[in-house]
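Q: Got a minute to go through this one with me? I'd like to talk about helix packing and the core.

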Amino acid sequence: MEFTLLGAAALGVSGFWLMLRWEAKRGNAAGCALDLWDAGLTSGAVGLVVGRLVAMAQVGINPIADPAQIILVRSGVSTAGASVAALLMFGFLARKSFLSSADAIGPSVLAGLAGWHVGALVTGSWLGTVSDLPWAQTVQGSDITRHPVELYAAALYVVAAFAIATWKQKGRPPRGAPAGLSLAAAGGAMLVTEPVRISLTGGPIWLYVGAVVTGFGVATWSILRQRSQT
């Protein structure tokens, strides 16, 4: 693993930790018996490994015959494989209080994603398609200005994280709604920025759309369920 990638991962973990601390002071994890720090790191680690294994399988690399390839994360990690595995792992860890735990950890996950995307500044992969906008940037040795697409995504994640966290603190949302909106925001930020990303095959649009639809569906169900009980 390259040190630049470790730096990006460190920024992601830092964003996750900082939001956990910020919310803990406001009681936003009340009712959640799960250790969110441990659950978040465990789910992220499992997602990373599974995502790498899926990426290896997609290019025909046998992890049993060549296990050293597993640690070469820079060579590719399946976004879909990592996301689904992380969600399933968290669901298993939080099975006794899933909705409360998901509500509690949602904004912190978004903050962690923001840190990860800011980490693209460290890896040097933060620019997207060509742009003439005033804030467009260039890479060293090039005169072509491009969208700072990873900063776009990071900004969207930060706004969503604080908006949902503030709603939890002041609005007393129905159980499950913050988790649903966090999931929708996670997919929505990628869906919105996808058109200005540089990619040979494009991102997993189906995954982003699925996250948005599922997230809004869960939030709507939670709100309607609360109203029916009042």
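The chat below covers one helix pair, then the nonpolar cores and a serine; the model is predicted.

Q: How do α2 and α3 sit, at what angle and axis distance?
A: Helix α2 spans residues 36-58 and helix α3 spans 79-93. Their axes come within 7 Å and cross at roughly 145°.

Q: Left-handed or right-handed crossing?
A: Right-handed.

Q: Which residues make that contact?
A: From α2, they include Ala39, Val46, Gly47, Val50, Gly51 and Val54. From α3, they include Gly81, Ala85, Ala86, Met89 and Phe90.

Q: What's the class mix there?
A: The α2 and α3 contact has 10 nonpolar residues, five polar and no charged ones.

Q: Switching to the largest nonpolar core. Which members touch the most others?
A: Met19, Leu110 and Tyr157, in a core of 15 residues.

Q: And which helix gives the largest share?
A: That's α6, with seven residues. Helices α4, α6 and α7 each supply at least two.

Q: What other core is there?
A: Another one, of 10 residues, lies apart from it. Leu20, Leu36, Ala104 and Ile105 are among its members.

Q: Back to Leu110. What does it touch, sequence neighbours aside?
A: Leaving out residues up to four places away, Leu110 touches Tyr157, Ala160, Ala161, Ile164, Ser182, Ala185 and Ala186.

Q: Ser182 is in that list. Where is Ser182?
A: In helix α7, residues 177-193.

Q: Is Ser182 buried or exposed, and why?
A: Ser182 counts as buried because its relative accessibility is 5%, and the cut-off for buried is under 20%.

Q: What's it packed against?
A: Beyond its neighbours within four places in sequence, Ser182 is in contact with Gly106, Pro107, Leu110 and Ile164.

Definitions and conventions:
Residues numbered from 1 in each chain as written. Predicted model: local features only at pLDDT ≥ 70, side-chain atom pairs only at ≥ 80, totals over all residues. Heavy atoms only, no water. Axes fitted to C-alpha atoms, helices over the stretch in contact; angles between N-to-C directions. Helix = DSSP H or I, 4+ residues; strand = E, 2+ residues; numbered from the N terminus. Left-handed = near helix turned anticlockwise from the far one by under 90°. Contact = heavy atoms within 4.5 Å. Nonpolar A, V, L, I, M, F, W, Y, C, P; charged D, E, K, R; others polar. Buried < 20%, exposed > 50% of the residue type's maximum accessible area, 1.4 Å probe, protein only. Core = buried A, V, L, I, M, F, W, Y, C linked by side-chain atoms within 4.5 Å.
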